[in-house]
Amino acid sequence: MTFNDIFKSSFLESVTEFSPVDTLIGMLFALVMGLFIFMVYKKTFNGVMYSTGFAMTLVGLSLVTTLVIMAVTSNVVLSLGMVGALSIVRFRAAIKEPMEIVYLFWAIAVGIVIGAGMIPLAVIGSVIIGAILILFANRRIHDNPYILILNCSDHQSEETALHVTQTSVERFVVKSKTVTVAGVELTAEIRMKDAETDFVNRLHDIAGVNDVTLVSYNGEYMS
């Protein structure tokens, strides 16, 4: 049999037996796994603004991917056409947080695995991934870095403010220092011992300290 004979035969037109029950079971598990990914994303979100639309996209992505894989595995011609169709799709949505890429691939992977009929693998793998993400997300909150900005009028007030800060926080690293005619502006990264911010009030009470600003910092934004 030659290559042309294969395409002339009914092989490419064959369709695997379609089972509505299997489809409903697969879509149901895809919905459950999508909602699980949705809950993990909501619990571990540490960005600037929570997007409900993106969170619901994870659920829809799991369902759509499952449906596509079920269709692809049932028909050879459809699978070849699907590869060509998906290759021209371009997405313009900006990814605001690097972790969003993890959740997108997670939702796609769940849809692929469930669509291929390996439901236990999707469930067990999702539970493990979710537990790891929640564990590291909660651990990250306890070591949240902050940026401290001090505006001092003279060198003496700067020294006093630095001494108070170093004795009040767990870690203190100077990031930048600007000296002008108006005074000194100092920016430092700090790790606080606890959630108390009373030392900021003490810094402001120091004679010669004009302004004190404390902001949360995650490496990409300040809030």
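Glu189 and Lys175 form a salt bridge in which the closest N and O atoms are 3.3 Å apart. The pair joins distant parts of the chain, since Glu189 belongs to strand β3 and Lys175 to strand β2, with their positions 14 residues apart in the numbering. The model examined here is predicted, and the values that follow are to be read accordingly.

The two partners of this bridge differ in their exposure. Glu189 has a relative accessibility of 13% and counts as buried, because the limit for that class is under 20%. Lys175, by contrast, has a relative accessible area of 51% and is exposed. Glu189 has a further partner: its side chain meets that of Arg191 in a salt bridge with an N to O distance of 3.2 Å. In this second pair, both Glu189 and Arg191 are buried. Taken together, Lys175, Glu189 and Arg191 are linked in a network of salt bridges.

Glu189 also has an uncharged neighbour. Phe172, found in strand β2, has its C-alpha atom 5.9 Å from that of Glu189, although the two are 17 residues apart along the chain. Beyond its immediate sequence neighbours, up to four places away, Phe172 touches Leu162, Thr165, Gln166, Ala188, Glu189 and Ile190. Phe172 counts as buried, at 18% relative accessibility.

A search of the whole structure finds three salt bridges. One of them joins the side chains of Glu158 and Lys177, at 2.9 Å from N to O. Here too the pair links distant parts of the chain: Glu158 lies in helix α7 and Lys177 in strand β2, 19 residues apart. In general, side chains of opposite charge can pair when their charged atoms come close. Glu158 is buried, with a relative accessible area of 5%, whereas Lys177 is partly exposed at 45%.

Glu158 leads to helix α7 as a whole. This helix covers residues 155–168, 14 residues in number, and reaches 20 Å from its first C-alpha to its last, close to the 20 Å expected at 1.5 Å a residue. Its buried residues are Ser157, Glu158, Ala161, Leu162, Val164, Thr165 and Ser168. They cover an arc of only 165° around the axis, which puts them on the same side of α7. The general background is that an α-helix has 3.6 residues a turn, so residues three or four places apart point the same way. On the other side of α7, Gln156 and His163 are exposed. The cover over the buried residues of α7 includes strands β1 (146–152), β2 (169–180), β3 (183–192) and β4 (209–216), together with helix α8 (198–204). Leu162 and Thr165, both listed among the buried residues of α7, are also among the contacts of Phe172.

The wider chain may now be considered. There are eight helices and four strands in the chain, and read along the sequence they follow the pattern α-α-α-α-α-α-β-α-β-β-α-β. Of the contacts with a separation of 6 or more, 71% are between residues 24 or more positions apart. Buried residues make up 33% of the 223 residues. The chain exposes about 14200 Å², of which carbon and sulfur atoms supply 65%.

Elsewhere in the chain, Ser62 lies in helix α3 (residues 52–74). Ser62 is buried, with a relative accessible area of 0%. Leaving aside residues up to four places away in sequence, Ser62 touches Ala30, Gly34, Ile37, Ala107 and Gly111. Ala107 and Gly111 are among the buried residues of helix α5, as are Glu100, Tyr103, Trp106, Val110, Val113, Ile114 and Gly115. Helix α5 (residues 98–115) has 18 residues, which should span 26 Å at 1.5 Å a residue; its end C-alpha atoms are 27 Å apart, in agreement. Just after α5, Gly117 takes a positive phi of about 95°.

The surface offers a contrast to these buried positions. Ile124, Ile128, Ile132, Leu135 and Phe136 form a nonpolar patch there, with about 520 Å² of accessible area together. Ile124 has its place in helix α6 (residues 119–141). This residue is exposed, with a relative accessible area of 55%, whereas Ser62 is buried at 0%.

Definitions and conventions. Residues numbered from 1 in each chain as written. Predicted model: local features only at pLDDT ≥ 70, side-chain atom pairs only at ≥ 80, totals over all residues. Heavy atoms only, no water. Helix = DSSP H or I, 4+ residues; strand = E, 2+ residues; numbered from the N terminus. Buried < 20%, exposed > 50% of the residue type's maximum accessible area, 1.4 Å probe, protein only. Contact = heavy atoms within 4.5 Å. Patch = residues over 30% accessible without salt bridge, like charges linked within 9 Å, V, L, I, M, F, W, Y side chains within 5 Å. Areas by Shrake-Rupley, 256 points an atom, 1.4 Å probe, with all protein chains shown as cover. Salt bridge = Lys/Arg side-chain N within 4 Å of Asp/Glu carboxyl O. Expected span 1.5 Å × (residues − 1). Arc of directions from axis to C-beta.
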